[in-house]
Each structure stands twice: as structure tokens, then as C-alpha cells.
Amino acid sequence: MGNERITEDIVRKHFNNDLLMNSDEIITIKEQKDDRYNYLFASASKKTNGNKGYPEFIISFKRYPRLILIVECKGESKFHQSEFRNKPQHYAVDGILHYMNAIIDKNKDFSIIGIAVSGTNYQGLNVSNFIYRNNEIIETEDKDLLSFDSYFKLYDLQNYSVDLQNLKIIEKAIEYNNLLENYAIPTTERVTFVTAILLALHNRAFREGYINYNNVKDLTEYILQSCENYLRDKIDEAKRNSILQVYKSIKNHKITNSEVLQNKQTKQSESNTLLVKFIDNIKENIFPLVNYDNLGFDILGKFYSEFIKYAGSDSKTGLVLTPSHITDLFCDLVNLTKDDVVYDCCCGTGGFLVAAMKRMILQAGNNQEKIKDIKSKQLIGSEERSDMFAYACSNMLMRGDGKSNVYHCDCFDTEHKKTIRNHNPTVAMLNPPYSVGADGQLDFILNALDSLQKGGRCIAIVQMSCALTKDDNVKEKHRLLIEKHTLEAVISTPDDLFYPAAGVATCIMIFRAFEKHNTPTWFGYWKDDGFKKDKKKGRINIGNYQKQYDLLMNHFKFYEKIGFSIIKKILYDDEWCAEAYMEIDYTNTPDNEFIATMREYLSVLFSFSKIEVISNKPNTFIEIPKNNNFKKFNLAYNEDSKDGLFKIYKGERLNKDNRVQGDVPLITSTSLFNGISNFIEKESFIDSKKIFCNNITIDMLCNVFYHCYEYFSDDNVHTLCFAKNDQNVFVKMYLVTQLKKLKIKYAYGRQVRLKRLTEEFIYLPTDINGNPDYVFMENYIKSLAYSKSIESSSIF
């Protein structure tokens, strides 16, 4: 038994020390019993007597609950496998196959990795690896314990490795941020500190020798000297001096020039061993990730984003770094090839260039000459900020960029533009600074397009305001763009894409250079990318990204899908976003959405004490036949044509300081409490403000409510009054539910405004005369749960 415990310790240490290990968040290692998987082993005893039995290790993955890794250990190598692999009690291979078959008997939907291990010396272990795929157990050729990354590849889960690396960087960034905060390192300089150490670690002499330095000033000089040594033969003197000048800022802090430190947290003076410990930590946890399996991750960009989010230190510059899954997506959207020359005119930390390098090298395969050209000739960047320039160069150099064609220049400089054109770029990727405003961001796109070869592709992620046309300067930039270039596609992206660094609505624009616009444009509504917000980790992939990526790529440029994409011819003064043109399916709204509208409405009345009981009973038990005859109706009534459903009235501004408390609800822009944010006095405002009753409201973010009571509304709220005959509460419940579907077309970046409502429409069921079938709407709502309580509510 003792020998077997040694084997188990080797396996445990192997996985716990894996670079991607994250037992708290992603990977859970359970020895022997795991409650979630007990049923799989309920009759898996190796004695084959029908009793329960467990392997030594069960390794499960929170994001992929159907993937399970199990390990069976034996202390002596002679017990690795029997001749016929049919003695599970005594042999490791026999045992692991026994357990894999036990799982398959219980549930064939599992993806299973089985590992048989025997021996007590890591170097001399006997290892057999098995996978269950396509209804059979297959032995792989690998005879070692593999990394998590290698095991993920057996099931084509490489993206999971990227997610885990991302989480590792976040975890360490939080740890380092807290540590450096304790010793008063300015937020903006923390990434410089990490970058300098990472670059120095690329020098073998530094990796082996830093531990011998006892004096912090000498060690700091050694870091800088090692950076210089690493850079000396890789880039020209001017670039090298620019980078080193940024790194020399680390000499200004007590952590690098004082033998004694004051810990802000403990208020105690401490001997300064922090610098060596910090280097140790980065060497062990971060340095191996720089080129880990060629994942192409912008490590420095991730650190920068994590550090600045604590202080919001870049809010004035408008710099928002692009998430790594978006930099990879850009490569797909422009169909990047190994022969492209990629240019980023505002490259930040080099995220797009890193992603492009990874993709192009992958396509080059084993062609070393091509890989050399990619690294030395086909990746071009411009960056005006000194610190960003240093990070971008370092990022590229640490990935083997043989020349680093990143320029410390203003991309609008005339001479610099000539230099860029001499590189003959075919693809431009950019995320311009948002502080320059919408027309300024479009200037960056024009600049990038002007640098490309004819037919080149330009892709940019910009604020949604760049797609809208309320600003005449934006219209003019639109005109300049499509006068010379083709707008091929625009993709609306998640509103929280840059969380927590910035809350801004964005879109991706894709152009074809020097081909005048005369073809329809594809518009996509990709508001769900499979990521979710986490307070500590930012936005993380919860396992749904691949599904959302496939949805986008399967429709991109050529296919329309109601509620997702549309192809439309546009002019320079049109809005360039899917929200402006997208069709919505009103014909298949499920019952539960109408019921939810009624429940929300009734809960507000209950809180007003206007109803005493909320009943879930329907008004009628008669089954209502479906009306599938839907027709398009304009929302806004037109006095000339006499068509349209509603006369629409905009509310009036009422500053908080001028509000007098009272009993009349004030409706403002909010998704809560039926839009009611306050109660104000009727007599104080009745002569100066419009008061409404028994109407539907829609606010600037498309929150839609019905109000059976008198109310005032502010200037971000619009009241919809029936243009002809008013309708009852049941019809209004139906209409509120359908109008809520418009929400996908509006957000902070593109708000509901009176002009947009005059151009908006809705599909409704019709009667035999082609008019809205209000009788059907009423009877349908009456047939649903909670409609009995709706009937009992009355105007008050």
C-alpha cells in the first residue's frame, strides 16, 4: 500500500502543479468519492460483485460537466497491465478500463479520459492514456502524464486552455496588484514593473543569476541590463532606447531602491526581500505562459487591463484594450492568411498583432522560412504612447518577432504614413482611442484604409456612436469612407464587452479598401458572445462562446436571420447598425412572456395597495384559436396618411432639485417598478407639465410599461396614446409584451428617441379587414394565467 501512495502523490503533484490548474474556479480534483458522480460508480467495484467502487482520482471540469478524467494507480510497475487486461483488482490498465466501462454503462454521453499509472519514480513511471470517443475506448500513443492542455486537445477543447490561461493571468494580476499597492507602486507603472521582469527573464543568465543578488539596487540594475542585453540584437538603437527609458521608471520606487520597506497594510517596516520573491513568482507562474503552446495570448495587455481597472487610470486617455477572443475573432472575420501583411495604426500593447502572428504561423505549418518572414516583415504597428510602445515591442519580441516593426509614431504623421505604405499592408486591425470621439475614431479607420493595398481588408471595433448619424461630422466621415471604400459588414457587440474597464456600446466595422461602395452591407446583432460578467474576474467564458461564435460565422456576410442579421443597401447618412433595420419575429411570442408582463404590472399595483390579492387564475377557460395573420403597422400616427397606431408624446425634463414630493408617479428611464422613480405633487406641476393616464410608455432604453394611473414623465420617456379608439387593459398587456421585443434594437449607444419611434413598426394579428385584431388580443390575454387579477385592476 505504501508504494501505491507514492504513485498517488506523484499524480497529485503533477496535476496540482500544472500551469492551468485552477482548483477554486474551474477544475476540481476529488480523490475517491465525488458526490456528483457517485451514481457512475455505484456498481463499479473491481471485485465485479455489483458494489460501489472508485478510481484513485476523479477530475471534473465545471464548464464541461460531461468531461471526466479518472486515474488508477499501482505502486509497482509489474502491475501495470495483465496480458488480457481483465484483472482490474490487480493491474492499473485493467482497472482504468474497468472504470471507464462502468461509466459508459451508466451514461454513454460522457467524454472520458482514463489514465493508468504505475511506479514510484516520476522519471520511470509507466503511463497509459485512454479516451472514450465515438462509442469506443481508444488508447493514445502517449506514454507520459500529460498537461491539462494536452488532454483538452484530445477532445478539441483548445479554447478551454485559453480560458484557463486567461483566468490564471487575472488571478495573478489581482495578487500582484494588491502586493504592489501595499508598497505604493503607482497603478499606471505596475505593468511596467511586470513587463521589465518578464523581458529580463528571457535572458538565460538573468534566470539563473538573479537569486545571487542581495542588494535591491544592484538587482534592479541587473533587471535593466538584462532587458538591454535581450533587446540589443533584436531592434535598432532608437527603439531600444525608447523602451529602456520606460523601463527605467522602475528605479523610482522603494521596492527597487530601499533595503527596508514600509508595508501600508501592516504599518510595519520590513526587510526588502520583495523584489526577489516577485521575480520568483513571475518566473514560476507567468513566464512559462508567454509562449505556452503558442496560444498567442496578449499577456501584457491583460495585465494592463487588470491593473488599470482598479484606479480607472486610463479614463482620460480613452484607451480600452481589446479582449483576446475579439482579437482572435478579427482574424476570422477578415479571413486572415499566412501571406497577409497586418497593420495596427494604434496598436496599444499589441493584442491584434499577437493574435495575427499566432494565426499566420499556424497556417505556415513547418515552413520555417515563411514563419521567419511573418515575424520579421508581415506585422506592422504604430503607437504614440511611450509606455504602450514599450509593451507592444516587448510583447512581439517575447514571441520571437525577429524585427519588431512597431513604430513609436503618430500614425497621422505624413512621413510615417509613407513608411507604412512601403510595407504594403493588406489587412488593418484597430481599436482606436475612444477619447477622440466618434468622428475621431472614424479618422483612424480612414487612416488605416489609406495605408492598405487595393482590396485590402480593414476591421475596427469602435463606439456605436460611429455608426449613428445624429452628428454631421460623423455623416461627413461616412461619406468619405464609402466614397472610396466598401462597407462590407457591421456587427453590434455586447454592451459589457469591455467590462470592467469601460461601459460602452461598440460595433465592429469591416471595410474593403479602395473599392467604392456599391453593394449591400451585412449587419449582424451579436450581443451575446457567451461571456458573462464576474465581479472579480471581469468577463469570462462560461462555456457558450463556441456556440455564439458558430452562430456569427455561419451567417456572416451572406445570410439573413430574423432577430440576428440583415443585408441592406445603405447610404452615408443612414445608420450603420443592425438595430436600425433588423426584423423581429412577433408571431411566436410564448405565453410566459405575456404572463410575465401581467405579473410585473400586478406586483406594482399590489405594492401601491391598490389590489389586495394577486390571483393566478385566467379570466376565461375557453381555448383561444391562434391568429397567424400578422401585418406590419407603423407605431407613430401620420396625420397625412391617417395610418399608424399611436400619437406619441415626449415627456418633459424635471430636475431632481425641482421635484416636490407628492402622490403622482413620475416615470423615468428605468427597468424597475414600472418605470416609477419618484412621486411628485400634482398641484405644483399640473399647469406646466403634461399629465397622462391609462397609457403605455417606452423609455430611452426601451423599457415598456402600462400605467392605469395618472403620471408625469421626464424627457427620456415617451407616452403612446391610441390615435383612434382607446383599448382596454387586456389589449394593452398584449401590446406591452410585443413592444418589449424592440429592446434588442436599443441601448445606451442607440437610444429610443422620438424621431426613431416615428420610423418604428410592429407586426400585429389582423382581422378580416386587415386592421389590428384587438378582439383576438383581448381574448388571448384573458385565457392566460393572472388575467383574472388584471380585470379587477382599475384606473385610479
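Just after helix H4 comes Ala 184, a residue with a positive phi, near 60°. Keep in mind that this is a predicted model. From that spot we can look back along the helix, then turn to the nonpolar cores and the cysteines.

**Helix H4**
- H4 covers residues 158-182, which makes 25 residues in the helix.
- From first C-alpha to last, H4 reaches 37 Å, close to the 36 Å expected at 1.5 Å a residue.
- The positive phi, near 60°, belongs to Ala 184, which follows H4.

**Nonpolar cores**
- The largest nonpolar core holds 93 residues, and Ile 223 and Met 429 are the ones that touch the most other members.
- Leaving aside neighbours within four places in sequence, Met 429 is in contact with Phe 330, Cys 331, Val 334, Leu 336, Val 342, Tyr 343, Asp 344, Cys 345, Phe 352 and Ile 459.
- There is also a second, separate core of 54 residues, with Phe 594, Cys 708, Val 731 and Tyr 746 among its members.

**Cysteines**
- How many disulfides does a search of the whole structure find? The search turns up 0.
- Cys 227 is in no disulfide, and the nearest cysteine sulfur, in Cys 393, lies 13 Å away.
- Cys 227 counts as buried because its relative accessibility is 0%, under the 20% cut-off.
- Why is the sulfur of Cys 346 not bonded to the closest cysteine sulfur, in Cys 345? The two sulfurs are 4.1 Å apart, too far for a bond, since a disulfide needs them within 2.5 Å.
- Cys 346 also counts as buried, at 14% relative accessibility.

Notes. Residues numbered from 1 in each chain as written. Predicted model: local features only at pLDDT ≥ 70, side-chain atom pairs only at ≥ 80, totals over all residues. Heavy atoms only, no water. Core = buried A, V, L, I, M, F, W, Y, C linked by side-chain atoms within 4.5 Å. Buried < 20%, exposed > 50% of the residue type's maximum accessible area, 1.4 Å probe, protein only. Contact = heavy atoms within 4.5 Å. Helix = DSSP H or I, 4+ residues; strand = E, 2+ residues; numbered from the N terminus. Expected span 1.5 Å × (residues − 1).
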